[in-house]
Amino acid sequence: MTKPSKTPLQVVQAQLDAYNAKDIDALLLAYAPDAEQYTLHGELLARGQEQMRQRFLARFAEPDLQARLINRTSMANVVVDYELVTRNFPEGVGTVEMICVYEVANERIQKASFAVGETRLNARP
């Protein structure tokens, strides 16, 4: 039995790096072709890379988009990130806390679930 060349932590970090670079092709390489994204304990957000491509491309259109990793923990094939994401909201630029739970198998993210916290708009000058 051969050891995987990428650990779950490396797969999730590659996904975060691609997200921040707005590199859709590199980001989708981190996900399995039939990967699924959900709200935490809830609704299906996307199934498969084509649906994810559309979701990510819409987000990548935001000029200030940036995810800052605050904390990361892992257990076996599950990686949990706590992030502070800067976004362009209709009301202005702000941040939102997110907890992202990734399940990795065969060196790809198979399932991702997201809990979204409160939006905080930046103070206007």
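Below are legends for four close-up views of this predicted model.

Some ground rules first: numbering starts from 1 along each chain as its sequence is written, and side-chain values use heavy atoms, with hydrogens and water left out. Local features need pLDDT of at least 70 and side-chain atom pairs count only at pLDDT 80 or more, while totals for chains, interfaces and linings use all residues.

**View 1. Y19 meets F60 in an edge-to-face aromatic pair.** The ring centres sit 5.8 Å apart, with 70 degrees between the planes. For reference, rings of Phe, Tyr and Trp (its six-membered ring) pair if their centres lie within 6.5 Å; planes under 30 degrees apart are stacked, over 60 edge-to-face, and the rest tilted. Y19 belongs to helix α1 (residues 8–21) and F60 to helix α3 (residues 48–60), so this pair ties together parts 41 residues apart in sequence. Helices (H or I, at least four residues) and strands (E, at least two) are DSSP runs, numbered from the N terminus. Both rings are buried, meaning under 20% relative accessible area with a 1.4 Å probe, protein chains only: Y19 comes in at 12% and F60 at 9%. The structure holds 5 aromatic pairs, and ring pairs link Y19, Y31, F56 and F60 into a cluster.

**View 2. F56 sits in the largest nonpolar core.** Such a core is a set of buried Ala, Val, Leu, Ile, Met, Phe, Trp, Tyr and Cys residues joined through side-chain atoms within 4.5 Å. This one has 29 residues, and Y19, L27, Y31, F56, Y102 and I109 touch the most other members. Elements giving it two or more residues include α1, α3 and β4 (78–89). Leaving aside neighbours within four places in sequence, F56 is in contact (heavy atoms within 4.5 Å) with Y19, I24, L27, Y31 and Q37.

**View 3. Q37 of strand β1 reaches the side chain of R55.** With 0% relative accessibility, Q37 counts as buried. Its side chain makes a polar contact with that of R55 at 2.9 Å; the term covers N or O atoms within 3.5 Å, where within protein one must be able to donate a hydrogen and the other to accept it, and residues adjacent in sequence count only if both atoms are side-chain atoms.

**View 4. Strand β6 pairs with both β1 and β5.** Strands pair if DSSP finds at least two bridges between them. β1 (residues 31–39) and β6 (residues 108–121) run parallel with 5 bridges, and E36 partners K111. β5 (residues 92–105) and β6 run antiparallel with 11 bridges, and I99 partners A115.

Conventions
Buried means under 20% relative accessible area, exposed over 50%, partly exposed in between (1.4 Å probe, protein chains only).
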